[in-house]
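Me: Take a close look at the pocket side of this model for me. Start with the aromatic rings, then work your way out to whatever frames the space.

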Amino acid sequence: MKLKDIVELKEIVRDLRNSGKKIVFTNGCFDILHPGHIHLLKTAKSFGDCLILGLNSDSSVSKIKPNRPIMNQEARINVLSEIGLIDYIVVFDEKDPVNIIRKIKPDVLVKGGDWKEDKVKGKEFAGCVKIVEYLKDWSTTKIIEKIRNE
């Protein structure tokens with residue numbers, strides 16, 4: 001099972017590090033999965049050996065995006081658990097994953113192209129930050145807008 005709590009995840013990360021593995025972390029809502037998400041995950045996975053995905057809980061999503069999520073947390077976990085690029089999933093309730101990043105100290109922290117490196121929260125706890133360019137025309141917000149306008 002890919003879903004782990006932070007206590008389990010810290011142990012897993014410790015063991016992976018002791019084996020010389022490189023830990024990569026990314027996060028997001030992953031509300032309506034689309035090619036842009038897969039591009040982010042595929043690129044993130046290429047930066048290391050183990051990809052940990054921090055998933056915004058339903059309450060976290062609603063704090064940062066009005067009228068969301070579209071898919072509830074359980075559905076998002078079920079879909080994401082089937083993606084082979086992701087090794088582990090950890091859910092967080094805060095607006096951002098800084099507490100998780102601080103606890104696992106990933107070697108690489110990956111964010112989507114809407115972020116500027118100097119604004120990435122938790123960067124001080126990671127080995128480095130990588131920004132992955134967005135795939136043109138792919139965003140959950142744009143998909144929702146298109147559905148509403150048709």
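Reply: Rings first, then. Two rings of Phe, Tyr or Trp make a pair if their centres lie within 6.5 Å, with the six-membered ring standing in for Trp. On that test, this predicted model comes up with zero aromatic pairs. One ring does have a charge for company, though: Lys130 puts its charged end over the ring of Phe47, 5.2 Å from the ring centre.

Now the pocket itself. The largest pocket comes out at about 720 Å³. It is lined by 35 residues, and those closest to its centre are Gly28, Lys65, Asp114, Trp115 and Tyr134. Which elements give two or more residues to that lining? They are strand 1 (23-28), helix 2 (35-46), strand 4 (108-112) and helix 6 (140-149). By residue type, the lining of the largest pocket splits into 14 nonpolar, 12 polar and nine charged.

Two of those contributors, strand 1 and strand 4, also sit side by side in the sheet, whose five strands run in the order 3-2-1-4-5. It's an open sheet with parallel pairing. Strand 3 (88-92) and strand 5 (128-132) are at the edges and have a single partner strand each, so one side of each has no neighbour in the sheet. From one strand to the next, the twist averages 25 degrees. Over at the strand 3 edge, five bridges tie that strand to strand 2 (residues 50-56), the two running parallel. There, Leu53 stands opposite Ile89 of strand 3.

Finally, a couple of backbone oddities to check if you're setting up a simulation. Phe30 belongs to the loop between strand 1 and helix 2, two of the elements that help line the largest pocket. Its phi is positive, about 50 degrees, even though Phe30 isn't a glycine. The other oddity is a cis peptide bond from Arg68 to Pro69, with omega near 10 degrees. Pro69 lies in the loop between helix 3 (58-64) and helix 4 (73-81).

Key: Residues are numbered from 1 along each chain as its sequence is written. This is a predicted model: local features need pLDDT of at least 70, side-chain atom pairs count only at pLDDT 80 or more; totals for chains, interfaces and linings use all residues. Side-chain values use heavy atoms; hydrogens and water are left out. Rings of Phe, Tyr and Trp (its six-membered ring) pair if their centres lie within 6.5 Å; planes under 30 degrees apart count as stacked, over 60 as edge-to-face and the rest as tilted. A charge sits over a ring if NZ of Lys or CZ of Arg is within 6 Å of the ring centre and within 35 degrees of the ring normal. On a 1 Å grid over the protein atoms alone, a cavity is a set of points where a 1.4 Å probe fits but cannot get out, and a pocket is an open set with protein on both sides within 12 Å along at least five of seven lines; lining residues have an atom within 4 Å of a point. Grid points are joined across faces, edges and corners, and a volume is the space filled by probe spheres set on the points. Helices (H or I, at least four residues) and strands (E, at least two) are DSSP runs, numbered from the N terminus. Ala, Val, Leu, Ile, Met, Phe, Trp, Tyr, Cys and Pro count as nonpolar, Asp, Glu, Lys and Arg as charged, and the others, Gly among them, as polar. Two strands pair if DSSP finds at least two bridges between them. Axes are lines fitted to C-alpha atoms, for helices over the stretch in contact, and angles run from 0 to 180 degrees between N-to-C directions.
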